[in-house]
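Colleague: Could you take a close look at the cysteines in this one for me? I'd like to hear how they sit and what surrounds them in the overall picture.

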Amino acid sequence: ILGLSTLDGVLTLLLISQGANEVNPVMALFVPNNLGWFAAIKLGLTSVGAAVLVACARMKLFRLFPGELLLYLVVACYVALVGYELYLLRNPPLMH
C-alpha cells in the first residue's frame, strides 16, 4: 500500500506539472507550494491507514466480512488509481 501510495504521489505530481489539478482537497493545500509537506502528509496518512487496516485484518467488520477483505479492496483501488493516472499521462485530455 505504501509503495502504491508513493507511486500515486509521483504520478500526481507529474500530472500536475502537465496542468492537472489535485482533486483531494486536503492534499491540494500542499501542492505545488510545499512538496515536502505533500509527501510527508501523504505517506503519514497512508501509513496510519495501512496500520489500522492490518490491525483489523483478522477481525469481522460489521459482523459481515473479514477485515482482510477491506485491505485487498484498498490495494485494488490503489492499483486502479495508478492505472488511471498512467492512462492520463499517456492520453492527456484536450485543454480548451
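Modeller: Here is a walk through the cysteines, followed by the chain they belong to. Bear in mind that this is a predicted model. Searching the whole structure turns up 0 disulfides. Cys56 is in no disulfide, and the nearest cysteine sulfur, that of Cys77, is 17 Å away. Seen from the other end, Cys77 is in no disulfide either, with the sulfur of Cys56 as its nearest cysteine sulfur at 17 Å. A disulfide needs the two sulfur atoms within 2.5 Å, so the 17 Å between Cys56 and Cys77 rules that pair out.

How buried or exposed are they? Cys56 has a relative accessible area of 21%, which makes it partly exposed; the cut-off for buried is under 20%. Cys77 also counts as partly exposed, at 48% relative accessibility, and for exposed the figure has to be over 50%.

Now for the chain around them. There are 4 helices and 2 strands, and along the sequence they run α-α-α-β-β-α. The C-alpha atoms fill a box of roughly 50 × 25 × 20 Å along the principal axes. Of the 96 residues, 25% are buried. Take the contacts between residues at least 6 apart in sequence: 60% of those join residues at least 24 apart. As for the surface, the chain exposes about 6,800 Å², and carbon and sulfur atoms supply 72% of that. On the charge side, there are 5 positive and 4 negative side chains, with the centres of the two sets 13 Å apart.

Methods:
Residues are numbered from 1 along each chain as its sequence is written. This is a predicted model: local features need pLDDT of at least 70, side-chain atom pairs count only at pLDDT 80 or more; totals for chains, interfaces and linings use all residues. Side-chain values use heavy atoms; hydrogens and water are left out. Buried means under 20% relative accessible area, exposed over 50%, partly exposed in between (1.4 Å probe, protein chains only). Contact means heavy atoms within 4.5 Å. Accessible areas come from the Shrake-Rupley method with a 1.4 Å probe; for residues, only the protein chains shown count as cover. Lys and Arg count as positive and Asp and Glu as negative; His and the chain ends are not counted. The place of a charge is taken as NZ of Lys, CZ of Arg, CG of Asp or CD of Glu.
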